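User: I am new to this structure and would like to go through it step by step. Could you show it to me?
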Amino acid sequence: MWLMIILSSTILYVIAHVSFHFLKQYYKNLPPGPVPFPIIGNLHLLGSSPHVSMKQISRKYGDIYRIHFGSELAIVVTQIDLALEGLIQKGVDFAGRPKTYTLDLASGNGKGIAFADYGPMWRLVRKIGHSSLRMYGDGLKNLEALIIKESEELHKRLDQNVGKSINPHHNIALAIMNVICAMIFGSRYDLDDEEFLSIVNSNVTFVRAFEYDNLVDIFPLLRLLPNKRLKMIKKALAIREPVLTRQLHEHRRKFDGESVHDLTDALIKAAQDAIEHDKQAKEFLTDDHLYKIMDDMFGAGSETTTTTMRWAFLFFARWPEVQDIAYEAMMRKIGTARLPVVSDRADLPYVDAIVHEVLRMACIAPFAVPHKTTCDTTLGGYNIAKGTQIFFNIWAMHFDSREWDDPFVFKPERFIDESGNIVPGMQRSYLPFSAGRRVCLAELLAKVELFLLIARMLHQYKFLPDPDEPLPDIEGIYGLFLAPKPYRIRITRRNTNCNL
């Protein structure tokens, strides 16, 4: 018996000794971080709001630290200077995307723009996406007309609920979805159209089900078991794919090369132009690739704006005095005879500042999309190996008390200088569209859409808390996008004599 005890102790000592030296070598000049448990790594530290948990972990280990998802090492960055070092100064080094089971589902096995890994294919596809947006959005007049049309339809629906308490989610989603449908397809849907409603529902389903580093990505055996989230993701993709594929084939059939009516036309033309200059580009610009670009634009252009606008309504109800300041500014500049347009933006710095503050506090993509290193590199003086997953915690940067005064208070004036002008660059720790190689392609279009929707609504309505239902906190619900918890608000009318 004693021999067995001594032998077991010796074996355990050898294992511990070897493990210690292995870990010491493995972690050589890596950022500090919590000790991982066997199998689960550090998953027990994350909880239901990983962006908040990862900020809390940084208080002990610093603004850059290591963490384990199961057995996989990842690096977390929570401070703006470190983020800019990785995203801007060493943009190519940190431009990769991790390959996971759920990201492969969403990207058609690495196609498109948002989830594809960095490389020749991604660079070409992103260039095509950028060219198509530039062709379509030249002068922004096309986009402005679409947004104004849908804002008018939204106002009609809101008018039916004046004096009532409502959850604005569905009405917002209908407006935003029709904007993106008109942009991509060239025509809007009737709101009771079955295909349109199925697309709206597929978006909602996908956003609820998808989350980065899903357990099935970390523990592959779980894919063999019934999984509600995976089932929802596959169902959402199955609804949207035939609609987008049919639209692509129909546009290709009618395409004449002389005129661009919508983003799908622009995408086809940009792809043809690229192939004319480089025949090898054809393998990266098949219909499957173009479909995934459409899918990326569709998903990013609809649910991101919908979620941001849902946050905006909640912030307005929590800080109603902001609405009054914006309304008074619009009355001084444009009065009641008409609604704001894009050309009013420079004359309405406070309204523009509201958009910036909504983007800061909503922070709908708290980690953007996880990055991956494309080579052995360094960050903050630490060694980061090729293929390491990187989480830039943008939420932590947007609420960093070292950078922001009262970060959990909605204060648009933080973006306005002493002369009363909007100065986005005056705030450093601000990355609502990420930065560098992976910066959001549609940043300009998104800002225009948010300005028009917010300015036109604040010109016509005031949004107040439901007296019978307290507003939720602003922590949000984590998923593909950080969404506000369900809430109800009361709508009152300001102007009734405007020419819509």
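Analyst: The following turns discuss confidence, a sheet and aromatic residues.

User: What pLDDT does the chain average?
Analyst: This is a predicted model, and the chain averages a pLDDT of 87, with 92% of the residues scoring at least 70.

User: Which element has the lowest mean pLDDT?
Analyst: That is helix H1 (residues 2-26), with a mean of 46, whereas strand S5 (residues 377-379) has the highest, 98. Over residues 12-22 the pLDDT is below 50, and this stretch has 0 contacts beyond near neighbours in sequence. Where pLDDT is low, the predicted coordinates should not be read in detail.

User: Changing topic, what is the order of strands in the open sheet?
Analyst: The order of its 3 strands is S3-S9-S8, with antiparallel pairing. Strands S3 (165-166) and S8 (461-465) are the edges, each pairing on one side only.

User: Which helix packs on the sheet, touching S8 and S9?
Analyst: Helix H12 (residues 287-318) does, and its direction makes about 75° with that of S8. Helix H16 (residues 443-460) also lies across S8 and S9, at about 85° to S8.

User: And the aromatics: how many pairs are there?
Analyst: A search of the whole structure finds 20 aromatic pairs. One of them is the tilted pair of Phe 69 and Phe 391, 5.3 Å centre to centre with 35° between the planes.

User: Why does that pair tie together parts far apart in sequence?
Analyst: Phe 69 lies in strand S1 (residues 64-69) and Phe 391 in strand S7 (residues 389-392), so the pair joins parts 322 residues apart in sequence.

User: Are those two residues buried or exposed?
Analyst: Both Phe 69 and Phe 391 are buried. Together with Phe 367 and Tyr 478, Phe 69 and Phe 391 form one aromatic cluster.

Definitions and conventions:
Residues are numbered from 1 along each chain as its sequence is written. This is a predicted model: local features need pLDDT of at least 70, side-chain atom pairs count only at pLDDT 80 or more; totals for chains, interfaces and linings use all residues. Side-chain values use heavy atoms; hydrogens and water are left out. pLDDT is the predictor's confidence in each residue, from 0 to 100. Helices (H or I, at least four residues) and strands (E, at least two) are DSSP runs, numbered from the N terminus. Contact means heavy atoms within 4.5 Å. Two strands pair if DSSP finds at least two bridges between them. Axes are lines fitted to C-alpha atoms, for helices over the stretch in contact, and angles run from 0 to 180 degrees between N-to-C directions. Rings of Phe, Tyr and Trp (its six-membered ring) pair if their centres lie within 6.5 Å; planes under 30 degrees apart count as stacked, over 60 as edge-to-face and the rest as tilted. Buried means under 20% relative accessible area, exposed over 50%, partly exposed in between (1.4 Å probe, protein chains only).
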